[in-house]
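Trainee: I have a model open and would like to talk through its salt bridges and its core. Could you go over them with me?

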Amino acid sequence: MEINKELNDVQQEIIKDTEGVFLVLAGAGSGKTRVLTYRVAYLVKEKLVPSYNILAITFTNKATNEMKTRLNNILGPNHQVFVSTFHSLCAYILRNDITSLGYARNTFTIYDETDQKRVIKRVLTTLGYDGDITEKQALREIGTAKQMGLTPDQYFLFIKGENKNAEKIYKIYSAYELQLINDNCLDFDDLLLKTKTLFENFPDILEKYQDWFRYIHVDEFQDTNPVQFRIVELLQKKHKNLFVVGDDDQGIYGWRGAEIDNILDFDKHFENVKVYKLEQNYRSTKPIIEVANNIIKNNVYRKEKTLFTEKEGGPKVIFNGLFSDKEEARWVVDRISNLKFMHGYRNSDFAILVRKSSLSRNFEDALNQYTMPYKLMGGTRFLDRAEIKDVSSYLNVLHNPQDGQSLIRALRTPSKGIGEVTINKMLDYADKYNKANNTNISLHDVIFGIDNEHSKAVTSRVTGKILEFKKMLMDMQDKMLEKDVGVDEIVDFVVKRAKFKEALLSSSAEEDISRWENIQEFIVLVRELMLNGTIVTLEDLIERLSLVPENKDELTDLDQVTIATVHAVKGLEFKVVFIVACETNIFPSALSVEEGRLEEERRLMYVATTRAKEHLLITWAGSRWDFQGIERATPSRFVLEAQNKVIIESHFAPSEEKPESILVSSENRAKQIIATVKSASQIADNDKLKKYKKGVKVKHRLYGVGEIILITGPESNPLLTIDFGELGIKKFEALLAKLDIV
């Protein structure tokens, strides 16, 4: 196996050291994914370890796919290395062995946040706690307990004496768990917690997986929570071959349960730990690395390491203080335009990073004024939108008929004339029937017995509507059982049989048309997942929807500027990065400082700086609008910690270094040239626009051939509405659309 050309000396040393427990401290951009991949390949090719005995755990679907692709290139597509996220691994284990925990069957549904809210609302009502504890508070307590790996009894002992609602929380948590078991469902945290419980209580099952996964690899170890740590600890206990990679300087998820001490105290939990450091950065230029090091060295609780790079030169990091938040946004977008002209960058080479999503509005407005396309990461995800959840509820019921929450959602949407009163009557009927007969019938059982033994559940006036709903579900089941039926055909039939199109397009409201377009987009996504082999069965699709929601903007490779929170771009990189609103009480946030989480905020700033490959620009405003009016602002302490490794361009802020006149002059000259280019290119744009007429057929690279059915908006850049047949109606800005006239 040839590795000399692919890896540096330290990386080679790491992958050749194959037996025992290892901690690899991998700095940002140091090639950790490459090391992890080659280490797995080295075990198979040089040490002749059977590939099916190797487990590689990642934290994101993107990282999983990247590692699978790399392993396929090295080992070939027939290798059996188990590459998975934590949640997908646990879902796989539970699909096989959850019946040992008392569950009726392994076809469980994974509840999302909306489903959880419905369950907890019913629990609070039943217990009479509606006014005492909110749904959000209850779910937060349950989530905290599960991330800590605690059962209702254990969590009660943990909070007793410190929380006045401890007893109520105990009852809520217990009732919530009982409801999930009755529905044969798990929430997202359960995937981890139930796997931990399974391993701790069934040694034979644990040993089965220990013998399967003899070599265990874990990426992004700094992001593990106590339950994930325990699962890894149990799995490696027999063969003691554990290889974890992480960077304590990038531990930024403490707010969602990640425990930074898992990596800081790693050698206290395992014996004979071998520690390696990856400190050479392959992503960023030297000025960017210097600023990152200057910032992160101020943290006390960290493993000592210093990034370096062999990429000499590169533009210095720029820090610019503007008079106001509006001026800051205009300056950023103006600089994007200048850099595009001077360096030939695409829009997608730029990222504007904010500490919190509410800060994005000014930058969105400025980009719109420049007619510069952008995408907002961290907004509502495509698969989290209501209409997609509505379709998914039917799929969940087909897969798991006992999934009460999905069944309720299907009853509600699209409207069938079955109201909340009727749904609650059927639920109450099931509860009373179970108590009287010592049985455990579900809402599904009531619906399918509405014309027989459960006819008294509702009034005769609505029985007919329930029977229509029953017939619809039966038709969907028949479709699912057809020989050689594709998953996309099942989804398409469900959408048609439930009459989503009729329900949404009967309204002329733009938002309803948009919802129908999203459903059409969902079908396109299902077909793409089938084509690339990601899904084969309906169960594959449901698990995919539960574990790895995709952002609609990621379905197409659009050339857009990225606006994102720093958390949302972890693991990504851009040629040019703007860190904006870098001000006291914003970054670091006032709450984080008050709660003693300054070091995590500094790690977040370190992550932000190390996303940049070529240019890093840090900005702040001297005044900013908030809900109380205009507030004065001062630069963040992180800017001061960067010392004099930046160019100060601001005439508003005190300057430590005189601005470089060449930057300013070239910037003004660029503005003039860009204006000339825009004027000249308008002639070509006009020729292009003249070809777009109603009835003209065009071809799009993703959606294929479609017909222009409507042209609206200004003549200089009209909006094209195009009918792509089965793939639905799409809208494109004429100047931005990549369309060919057929």
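Trainee: Is Glu-312 buried or exposed?

Mentor: Happy to help! This is a predicted model, where local features need pLDDT of at least 70, side-chain atom pairs count only at pLDDT 80 or more, and totals for chains, interfaces and linings use all residues. Residues are numbered from 1 along each chain as its sequence is written, and side-chain values use heavy atoms, leaving out hydrogens and water. Buried means under 20% relative accessible area, exposed over 50% and partly exposed in between (1.4 Å probe, protein chains only). Glu-312 has a relative accessible area of 55%, so this residue is exposed.

Trainee: Which residue does Glu-312 meet in a salt bridge?

Mentor: A salt bridge here is a side-chain nitrogen of Lys or Arg within 4 Å of a carboxyl oxygen of Asp or Glu. For Glu-312 the N to O distance is 3.6 Å, and the partner is Lys-286.

Trainee: Thanks! Is Arg-602, in the salt bridge with Glu-641, buried or exposed?

Mentor: The closest N and O atoms of Glu-641 and Arg-602 are 2.7 Å apart. Glu-641 has 13% relative accessibility, so that side of the pair counts as buried. Arg-602 has a relative accessible area of 5%, and is therefore buried.

Trainee: And which residues touch the most other members of the largest nonpolar core?

Mentor: A nonpolar core is a set of buried Ala, Val, Leu, Ile, Met, Phe, Trp, Tyr and Cys residues joined through side-chain atoms within 4.5 Å. The largest one has 57 residues, and those touching the most other members are Ile-352, Phe-578 and Ile-618.
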